[in-house]
Amino acid sequence: MENQKNPINEIIINVIIPVLVLNKAGKYLGENGQTYALIIALAIPAIYMIQDFMKSKKFNPISILGFISILLTGGIAYLKLEGFWFAVKEAAIPGLIGIVVFISAFTKKPLMKLLFNESIMKMDLIEDKLVERNTKSKFNEHIKKSTIFFSFSFFFSAILNYLLAIRIFTPIDITLSEVTRTEILNTQIADMTWQGYVVIMLPSLVIMAALMWYLFKGIKEFTGLTMNDVIKEKK
């Protein structure tokens, strides 16, 4: 049985430690301390992703997206871009995911169909019931709608990300010293890191819970089976 990742550890490594480094470490790292703090804070989740890959021998899609986000954040900071560009970056990643999910709804493999596999659900039982009730086409249409609704959750997240980033990444006075400007930018990145998890994750969890309810409501309607009937028990 595969080791389950501890969500508390994930939050500590990807959120809490980088925020603390950005906010506190710079003053202890010498003349260019704020720049070093930014590099360290961005490197921590990147190293975690690499270690996770070395252990599991496969990439976690969430880790890959996180790594891309880190690269973009570091690149924007390195180029000394501010405000608007950070907001665009924060909105772009969930927005692009939403587009991919939305397009998948109109293919033979809607993304929500990935939930229907032998390791999670009793697919033979579901298929038998769909054939028995002659509801397979209606069920496929339900999966399509579920996928479209799922894509909307990413678009909603993109909007929230953008609005939050616009509020946090305010213009930095160009007359300030380079050290001070980097310190302010680090604080902004830290605020976006933890506030993004709170402000965006909580609504997203509510949306996902509603989506799962809708998905299993369709399963019951088109197969007559309950969630307990179709979910495989963990051995």
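Seven aromatic pairs, counted as 7 in total, are present in the structure. Among them, Phe149 and Phe152 form a tilted pair, with 6.5 Å from centre to centre and 50° between the planes. The model under description is a predicted one. Phe149 and Phe152 are 3 residues apart in helix 6, which covers residues 136-168, so about one helical turn separates them. Phe149 is partly exposed, as its relative accessible area is 40%. Phe152 is likewise partly exposed, with a relative accessible area of 42%.

Phe152 also takes part in an aromatic pair with Phe155. The pair of Phe152 and Phe155 is tilted, at 6.4 Å centre to centre and with 40° between the planes. Phe152 and Phe155 are 3 residues apart in helix 6, so that about one helical turn lies between them. For Phe155 the relative accessible area is 28%, a value that falls between the limits of 20% for buried and 50% for exposed residues. Phe155 is therefore classed as partly exposed. Together with Tyr214, the residues Phe149, Phe152 and Phe155 form one aromatic cluster.

Tyr214 also appears among the contacts of His142. His142 is located in helix 6, and its relative accessible area is 7%. Because residues under 20% relative accessible area count as buried, His142 is assigned to the buried class. When neighbours within four places in sequence are left aside, His142 is in contact with Tyr214, Leu215, Gly218 and Phe222.

The packing of helices was examined next. Two packed helices are described by the angle between their axes and by the distance between the axes. For helix 4, which spans residues 84-104, and helix 6, the angle is about 175° and the axes are 8 Å apart. Helix 4 is therefore roughly antiparallel to helix 6, since angles over 145 degrees are placed in that class. The residues of the contact of helix 4 with helix 6 comprise 19 nonpolar, 7 polar and 1 charged.

A second helix pair consists of helix 2, residues 33-56, and helix 7, residues 178-223. The axes of helix 2 and helix 7 come within 8 Å and cross at roughly 30°. Angles under 35 degrees count as roughly parallel, and helix 2 and helix 7 are therefore roughly parallel to each other. The crossing of helix 2 and helix 7 is left-handed. On the side of helix 2, the residues that meet helix 7 are Gln34, Thr35, Ala37 and Leu38. Their counterparts in helix 7 are Val179, Thr182, Glu183, Asn186 and Ile189. By residue class, the contact of helix 2 with helix 7 divides into 4 nonpolar, 4 polar and 1 charged.

Over the protein chain as a whole, the secondary structure amounts to 8 helices and 0 strands. Read along the sequence, the pattern is α-α-α-α-α-α-α-α. The protein chain has 235 residues, of which 36% are buried. Among contacts in the protein chain with a separation of 6 or more, 72% are between residues 24 or more positions apart.

How values were computed: Residues are numbered from 1 along each chain as its sequence is written. This is a predicted model: local features need pLDDT of at least 70, side-chain atom pairs count only at pLDDT 80 or more; totals for chains, interfaces and linings use all residues. Side-chain values use heavy atoms; hydrogens and water are left out. Rings of Phe, Tyr and Trp (its six-membered ring) pair if their centres lie within 6.5 Å; planes under 30 degrees apart count as stacked, over 60 as edge-to-face and the rest as tilted. Helices (H or I, at least four residues) and strands (E, at least two) are DSSP runs, numbered from the N terminus. Buried means under 20% relative accessible area, exposed over 50%, partly exposed in between (1.4 Å probe, protein chains only). Contact means heavy atoms within 4.5 Å. Axes are lines fitted to C-alpha atoms, for helices over the stretch in contact, and angles run from 0 to 180 degrees between N-to-C directions. Angles under 35 degrees count as roughly parallel, over 145 as roughly antiparallel, 65 to 115 as roughly perpendicular and the rest as oblique. A crossing is left-handed if the near helix is turned anticlockwise from the far one by less than a right angle, and right-handed if clockwise. Ala, Val, Leu, Ile, Met, Phe, Trp, Tyr, Cys and Pro count as nonpolar, Asp, Glu, Lys and Arg as charged, and the others, Gly among them, as polar.
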